[in-house]
Amino acid sequence: MINLAELETAQGWIAAANHLTVLTGAGISAESGVPTFRGEGGLWRNQGFMELANARAFQRDPQAVWAWYRWRQDMVRACEPNAAHIALAEFEHRQPGRITVVTQNVDRLHQRAGSRSTIELHGDLFADRCIGCGLVHPCHDSPATGPADPSNPDQDPPLLHCRACNLVLRPGVVWFGESLPADAMQMARNAISSSDVLLVIGTSGVVMPAASLVTFASRSNIKCVTVNTESTNLDGTVDLELIGPAGLIVPALLSV
Ligand code: OAD
């Protein structure tokens, strides 16, 4: 049940803010049909999937890893931005320069909704990257190249090679044990430092260093508000927890 008094308080903070930073996680895309990681039906509930998201797995069996990522690409391509993504993009459209979206998501649904001021902490599911020179090969518009079913070993996708150095391309996402893109955390901290409010939408807040941005904001005396279908790890750190689906709460929060 949404607490209307708390919703109004958060609306007031946002309306008065000179700048708003939004940190999003998988939960904001749940209503678009993209699975989260840790909840019911979450990707990491499948141990096999979890074991594909690291550099060792790619060295051992790049085609198995690619099969899974091509499957994820196809799944996300079939999803559309929901009311929460759209509300954030419309806020930016109405008030350019007043909002920064920092996302842990790799699904590009913020960009597809129209957000431009977006920082991707965990990479991009649709940007293949060379394992050698690091050149990024965007594949936003390319047709699906992988099998519909990643568990079918007969359908391994072909390995693609870098047009600059001819080494193999890997998914352009951050895997377990890897660092975030060099400037992403600093850009996120800069955005938070110039904000009055941090809105944290649909993340369990357990993955570092992304979750440390909330502590950083709270220590900097910036109002922190979470939007989540349940109470999270960030509970004690934030000023207000709005419990409910992002697709309902975010448009209401940003409508003022
Ligand atoms: P999680 O799966 O850990 O958490 C998703 C959160 O979204 C949970 O707290 C849910 O309660 C909440 N949620 C679900 N549906 C929602 C809805 N309709 N509205 C609002 N909230 C909802 O996903 P993340 O926190 O994003 O990293 O996970 C962080 C990182 O862990 C991911 O970026 C990924 C993963 O390992 C990498 O792959 C590098």
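Here is a walk through the aromatic rings of this structure and then its ligand site. The model is predicted, so local features need pLDDT of at least 70 and side-chain atom pairs count only at pLDDT 80 or more, while totals for chains, interfaces and linings use all residues. Residues are numbered from 1 along each chain as its sequence is written, and side-chain values use heavy atoms, with hydrogens and water left out.

Let's start with the rings. A pair of aromatic rings is described by the distance of the centres and the angle of the planes. Here, rings of Phe, Tyr and Trp (its six-membered ring) pair if their centres lie within 6.5 Å; planes under 30 degrees apart count as stacked, over 60 as edge-to-face and the rest as tilted. Searching the whole structure on those terms turns up eight aromatic pairs. One of them joins Phe37 and Trp44, a tilted pair at 5.0 Å centre to centre with 45° between the planes. Trp44 counts as buried at 14% relative accessibility (buried is under 20% relative accessible area, exposed over 50%, partly exposed in between, with a 1.4 Å probe and protein chains only). Phe37, at 23%, is partly exposed. Trp68 and Tyr69 have ring centres 4.9 Å apart and planes at 75°, so they make an edge-to-face pair; both residues are buried. These four residues belong to one aromatic cluster, together with Phe49, Phe58, Trp71, Trp175 and Phe176.

Trp175 also has a charge for company: the charged end of Arg170 sits over its ring, 3.8 Å from the centre (CZ of Arg or NZ of Lys within 6 Å of the ring centre and within 35 degrees of the ring normal). Arg70 does likewise with Trp66, at 4.0 Å from the ring centre.

Now for the ligand. Phe37 turns up again here, as one of the residues that come nearest among the 22 around the ligand (a heavy atom within 4 Å). Thr203 is another of those nearest residues, and a polar atom of its side chain lies 2.6 Å from a ligand oxygen. On the Glu31 side chain, an N or O atom is 2.8 Å from a ligand nitrogen.

Note on methods
Polar contact = N/O pair within 3.5 Å; in protein donor to acceptor, adjacent residues only side chain to side chain.
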